[in-house]
Amino acid sequence: MDVRSQMSMVFHLDKCLGCHTCTVACKNIWTDRKGAEYMWWNNVETKPGTGYPTKWEDQEIYKGGWEKSGSGIELRGAGKRKGLLNIFHNPNLPVIDDYYEPFTYKYLDLIESPLQDVQPVARPVSLITGKPIDIKMGPNWDDDLSGTPDFARKDPNLKNLSPAEQEAMFQLEKMALYYLPRICNHCLNPACVASCPSGAIYKRGEDGVVLIDQTKCRAWRMCVTACPYKKTYYNWSTGKSEKCLLCFPRIEAGIAPACMHSCVGRIRYLGVMLYDADMIEKAASSDDKDLINSHLNIYLDPHDPKVIAAAKANGVADSTIAAAQASPIYKFVKEWKIALPLHAEFRTLPNLFYVPPLLPVMASVSEQEKSSTPQLNPIAKNWDDKWLYDTSLDSIFGTIDDLRMPLKYMANMFSAGNEDLIADKLKKLMAIRIYRRHKTVGDISAEKSATALRNVNLTEAQAEAIYNLTSLAKFEERFVIPAAHREQAIEMIESTADVKGSTGFGFLAKPARGL
Amino acid sequence: MDFLLFGAFPYVALVMFLVGSIYRYKTGFKYSSLSSQFLETKKLFLSSVPFHVGILVVLLGHLVGFLFPSLFLSIGGESLVTFEIVALSFAFAAIVGLISLFIRRATSERLRMVTSKMDVLIELLLMAQFIIGIWIAVELRWGSTWYASNMTPYLQSIWTLTPDVAAISAMPLLIQLHIIGAFLIVFLIPFTRLVHFLVMPLHYITRPHQIVTWYWDKKKIRDVNTPWTITEPKNN
């Protein structure tokens, strides 16, 4: 047993309101530079949608992640053989047009415009060439299902859905959406690290953050291909790749990353997970159906005396072990089992888990009932839970066809196609809703609430704890970050504000493009 | 004059190459192949691949001829013709790739943004060097043989710090130009993107896939018997 600690995350999708505040916080701190304009280390996608870069989930196009090969696994589009053979020209490299050409507007034209009969216009100009361009694409042009025929319809997760099921999803009355905020997953089996020919990318032993050493990066650009989440970006100006660094200067000081700190919906949780590094290879190579289970089995119980002893023997600090015991991630993922990794089938063993969204699934519309009976009495707040929130578990999960967002679609994203697994999580979330409704509104009987909880193997205390961490949790409960015992050292050398705008921290010279 | 060009300049070039490359490496950030594939990928395939394969084989040929001249001298008759044709075709691949790389850069607005003056200069130099080289191979026949018998001694004399200038002074102008061009390129390497050949990722073949880095010895620092203040802090 080789116990290490890992900074892990949970994003609660039911709480995400799609405001992009996380994205803007990240952009302002890290990627507001030449060559990095197109990089969105944090982005929020609308689902169904094609995401950023366009159709990133479709590995037939991008060849990212790992695939089974014999008893082991190999990188799909990079790796030792494919990577070195393709080093002069990488056929699987996404190019700027798969993202979008970064642009700004000539705002000065508005100010300097002479007096004239027509309104002056700020023309869009490319941030690459500086010339006027026709904007073809932006990083989130499919927001809120805009341009559905072009974007949402081409969502790679729809591939296993029958045409009828797809049609049902996009009927105007049935249309539903949810948001998928994404950052780097800081994987346990990172494909970017494995693909880097120069060995510039590494995983930090202390907290598992995956970083790119900017002095070692030689622009062989294999990481861009290998990362199935397309979260490594090539800076065309400096000739180096860059990626999300989990705001390591902040987490080392015990502060939440900027995206999480600024999250308006408070959907984000960050904490320590103890894991057994010896189990990674086996878990990553397991069969598709066992993949998620063996992934989650890597994480160890931080209360187990044996695990604690092994962690201490391995040099894990006491403060880190204490943080692991209070970790909100451990509760969501292991104790309550309501969070799942995104696209486990890529086999990188990501450390970002999602509580799947319940609302788009639950809000099934029944046209007849809606028109014949008044659903919500505006004064009495009498809820007819038959049309909007059908609180009887059996009928909701009885027929998948009734759901606005087919389970199969959700399963393609969060459970490697396993519909039972995702249904299990959604049932739990629903049971907690029923329980809380019984508590607060009281129109659901105690018996029904108890049955609902029993059906999903949750105790009342657990339901209360889930409710608390989901809805009421304060900052310190959502972010349990142990100090890295390095923060004083860094603060002694430099002020983080002084190096804003540089590529990471610790350069002696200003980063500039090579000759 | 000949002494300056063939006796002194090679040393200036080699010293500049060594010192410059190491200095640039030590200062860190600027070692990169500066790939432009992200901005343009379609035309790159038919230019970059033939250029790289071509120049690598041609360079390897020059190196083998320098290190093992007897190997080249032993080739004769029909196999000499075949050998020269194969070698020449790689040179042609390289020059064709180089020219289309040049056209690619010249015609794309985006690529012009990531093209420095040095890029243009080194590309023109390489082009000239290849044209002269091919010209020599065609004009002054069976180069692989006389390279091994006449050029290798000169290169070795540079290596042993006794440059044999007289031997080169007697050579045709084309060959003299090719030698000057070669050392000029060597001289310029530290100032161009060519440095990326020095960091060829061959170590990737033997390296384990995953890399985990620890700031300090993870066990030593937490050992109760040795307080961490004893371990010298590494970053200040």
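# A chat about chains A and B

Biologist: Where does helix α7 of chain B bend, and by about how much?

Modeller: Helix α7 of chain B, residues 143-159, bends by about 40° at B:M151. A proline, B:P153, follows within four residues. The bend at a residue is the angle between axes fitted to the seven residues ending there and the seven starting there. Helices are DSSP runs of H or I with at least four residues, strands are runs of E with at least two, and both are numbered from the N terminus.

Biologist: Thanks! What should I know about the model itself?

Modeller: This is a predicted model, where local features need pLDDT of at least 70, side-chain atom pairs count only at pLDDT 80 or more, and totals for chains, interfaces and linings use all residues. Residues are numbered from 1 along each chain as its sequence is written, chains are lettered from A and ligands numbered from 1 in the order in which they are written, and side-chain values use heavy atoms, with hydrogens and water left out.

Biologist: Back to α7(B): which residues are buried there?

Modeller: Among them are B:W146, B:Y147, B:M151 and B:Y154. Buried means under 20% relative accessible area, exposed means over 50%, and partly exposed is in between (1.4 Å probe, protein chains only).

Biologist: And what comes just after α7(B)?

Modeller: B:L161, which takes a positive phi of about 65°.

Biologist: What is chain B built from overall?

Modeller: Chain B has 9 helices and 1 strand, and its pattern along the sequence is α-α-α-α-α-α-α-α-α-β. Of its 236 residues, 42% count as buried. Chain B exposes about 13,000 Å², and carbon and sulfur atoms supply 75% of that. Those areas come from the Shrake-Rupley method with a 1.4 Å probe; for residues, only the protein chains shown count as cover.

Biologist: What share of the chain B contacts comes from residues 24 or more positions apart?

Modeller: Among contacts with a separation of 6 or more, such residues account for 80%. A contact means heavy atoms within 4.5 Å.

Biologist: What does that one strand of chain B pair up with?

Modeller: Strand β1 of chain B belongs to an open sheet of 3 strands, in the order β9(A)-β8(A)-β1(B), with mixed pairing. The edge strands are β9 (210-212) of chain A and β1 (212-213) of chain B, each pairing on one side only. Two strands pair if DSSP finds at least two bridges between them. Strand β8 of chain A, residues 201-204, runs antiparallel to β9(A) over 3 bridges.

Biologist: Which residue in β9(A) is the bridge partner of A:K203?

Modeller: That is A:V210.

Biologist: New topic: how many salt bridges are there over all chains?

Modeller: The count comes to 23 over all chains. The rule asks for a side-chain nitrogen of Lys or Arg within 4 Å of a carboxyl oxygen of Asp or Glu.

Biologist: Got one that crosses between chains?

Modeller: Yes, B:R110 and A:D97 meet in a salt bridge at 2.9 Å, N to O. The pair goes from helix α5 (residues 109-113) of chain B to helix α4 (residues 96-99) of chain A. B:R110 counts as buried, at 14% relative accessibility.

Biologist: And one within chain A?

Modeller: A:K47 bridges to A:E57, with the closest N and O atoms 2.6 Å apart. A:K47 is in strand β2 (residues 43-47) of chain A and A:E57 in the loop between β2 and α2 (59-62) of chain A, so the pair ties together parts 10 residues apart in sequence. Both A:K47 and A:E57 are buried. Another pair is A:E460 and A:K439, at 3.9 Å, N to O. A:E460 is in helix α22 (residues 460-472) of chain A and A:K439 in helix α20 (residues 419-440) of chain A, so this pair ties together parts 21 residues apart in sequence. A:E460 is partly exposed at 46% relative accessible area, and A:K439 is partly exposed at 45%. Salt bridges that share partners also join A:K47, A:E57 and A:D155 into one network.

Biologist: How many disulfides are there over all chains?

Modeller: The count is 0 over all chains, where a disulfide is a pair of cysteine sulfur atoms within 2.5 Å. For A:C22, the nearest cysteine sulfur, that of A:C19, is 6.2 Å away. A:C22 counts as buried, at 8% relative accessibility.

Biologist: Last one: what does A:S8 touch?

Modeller: A:S8 lies in strand β1 (residues 3-12) of chain A and counts as buried, at 0% relative accessibility. Leaving out residues up to four places away in sequence, A:S8 touches A:Y269, A:L270, A:G271, A:M273, A:I329 and A:N351.
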